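Welcome! Here are some short exercises, each with a worked solution, to help you find your way around a new structure. Have a look at it first, then try each task before reading on.

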Amino acid sequence: MARILVVEDEPAIALGLEEDLRLEGYDVDVATDGETGLEKARHGTFDLVLLDVMLPRRDGFSVCRELRRTGVTTPVILLTARAQEAEKVLGLKLGADDYVTKPFSPMELCARVQAVLRRAAGTAPEVCRFGGMEVNFTRGELLRAGRAVDLTPIEFKLLAVFVRSRGRVLSRGQLIEQVWSKETYITERVVDTHVSNLRKKVEPEGEPRFIVSVRGIGYRFDG
Ligand code: CA
């Protein structure tokens, strides 16, 4: 199931998008200002970002530029209020993949979403390597010496979040937010249990080398 982040400050539009996309079978998260949207999108666990241009705290162009500058390649569809040519061109220049002009119909939007997701899936598989292992995000697989390592779906999601946030400290709260659905209640102890299980599968013997504990905060991936 593709995960879509909606960054939209108008509650009615955000809610409408959320409902339409859920009905299409997507997993949806919503941010209502640019800073929050950037923070969520930057962790890179989304397959697509629907990004409004006019947003409080940071506009959509700036969010898009910042994502691309920091190497986040998640497809972005801009939601522009005006059908202005200059705005569209600027958006695409800043790294957006497509744009939809408001007001749009749910059908039009879903068609664009599908097209962009299809295009993204058709590009080279997104792969990341560390310590002799290869994470294939497209296939949702971890390979060691070419052979699949048996991970649970939660362990894979956890690993994906770590790998994509390489070098950054993640609190247990951030991990809960990014790995589990909003409907699930997860304690920090549960996070530790899954991290410990994941370590058994990816770490060599002895002290963890890749998923490092950061005392009092959480974990950092040093692959
Ligand atoms: Ca807006």
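**Exercise 1. List the residues of helix 3 that are buried.**

Solution. Start with the terms: helices are DSSP runs of H or I with at least four residues, strands are runs of E with at least two, and both are numbered from the N terminus. Buried means under 20% relative accessible area, exposed means over 50%, and partly exposed is in between (1.4 Å probe, protein chains only). With those cut-offs, the buried residues of helix 3 are G60, F61, S62, V63, C64, E66 and L67. Helix 3 spans residues 60-69, and seven of its 10 residues are buried, so it is largely enclosed by the rest of the structure.

Before going further, two notes on the model. This is a predicted model, in which local features need pLDDT of at least 70 and side-chain atom pairs count only at pLDDT 80 or more, while totals for chains, interfaces and linings use all residues. Residues are numbered from 1 along each chain as its sequence is written, and side-chain values use heavy atoms, with hydrogens and water left out.

**Exercise 2. Find what covers the buried residues of helix 3, and look at both ends of the helix.**

Solution. First, the cover: it includes helix 2 (34-42), strand 3 (48-52), strand 4 (76-80) and helix 4 (85-93). Next, go to the start of helix 3, where a side-chain oxygen of D59 comes to within 2.9 Å of the backbone nitrogen of F61. Finally, step just past helix 3 to G71, which has a positive phi of about 85°.

**Exercise 3. Describe the surroundings of R68 in helix 3.**

Solution. Begin with exposure: R68 is partly exposed, at a relative accessible area of 23%. Then collect its contacts (heavy atoms within 4.5 Å). Setting aside neighbours within four places in sequence, R68 touches T73, T74, P75, V76, L94, G95 and D97. For a sense of distance, take V190, which is 122 residues from R68 along the chain; the two C-alpha atoms are 33 Å apart.

**Exercise 4. Repeat the analysis for helix 2.**

Solution. The buried residues here are G34, G37, L38, K40 and A41. They pack against strand 1 (3-7), strand 2 (27-31), strand 3, helix 3 and helix 7 (172-179). At the start of helix 2, a side-chain oxygen of D33 lies within 3.0 Å of the backbone nitrogen of E35.

**Exercise 5. Is A31, in strand 2, buried or exposed, and what does it touch?**

Solution. A31 is buried, with a relative accessible area of 1%. Leaving out neighbours within four places in sequence, its contacts are L5, V6, V7, E8, T36, G37 and K40. Two of the names in that list, G37 and K40, are also buried residues of helix 2. Now link back to Exercise 3: A31 and R68 are 37 residues apart in sequence, and their C-alpha atoms are 19 Å apart.

**Exercise 6. Look through the loops for backbone features worth noting.**

Solution. Take them in turn.

- R57, in the loop between strand 3 and helix 3, has a positive phi near 75° although the residue is not glycine. R57 is exposed, with a relative accessible area of 61%.
- P103 sits in the loop between strand 5 (98-101) and helix 5 (106-122). The peptide bond leading from K102 to P103 is cis, with omega near -5°.
- A145, in the loop between strand 8 and strand 9 (147-148), is not a glycine either, yet its phi is positive at about 50°. A145 is exposed, with a relative accessible area of 72%.

**Exercise 7. Step back and summarise the whole chain.**

Solution. Count the elements: there are eight helices and 12 strands. The radius of gyration is 18 Å, close to the 17 Å that the globule rule gives for 223 residues, so the chain is as compact as a globular protein of that length. Here the radius is taken over C-alpha atoms, and the rule is 2.2 Å times the number of residues to the power 0.38. Along the principal axes, the C-alpha atoms fill a box of roughly 60 × 35 × 30 Å. Lastly, 46% of the 223 residues count as buried.

Terms used. A polar contact is a pair of N or O atoms within 3.5 Å; within protein, one must be able to donate a hydrogen and the other to accept it, and residues adjacent in sequence count only if both atoms are side-chain atoms.
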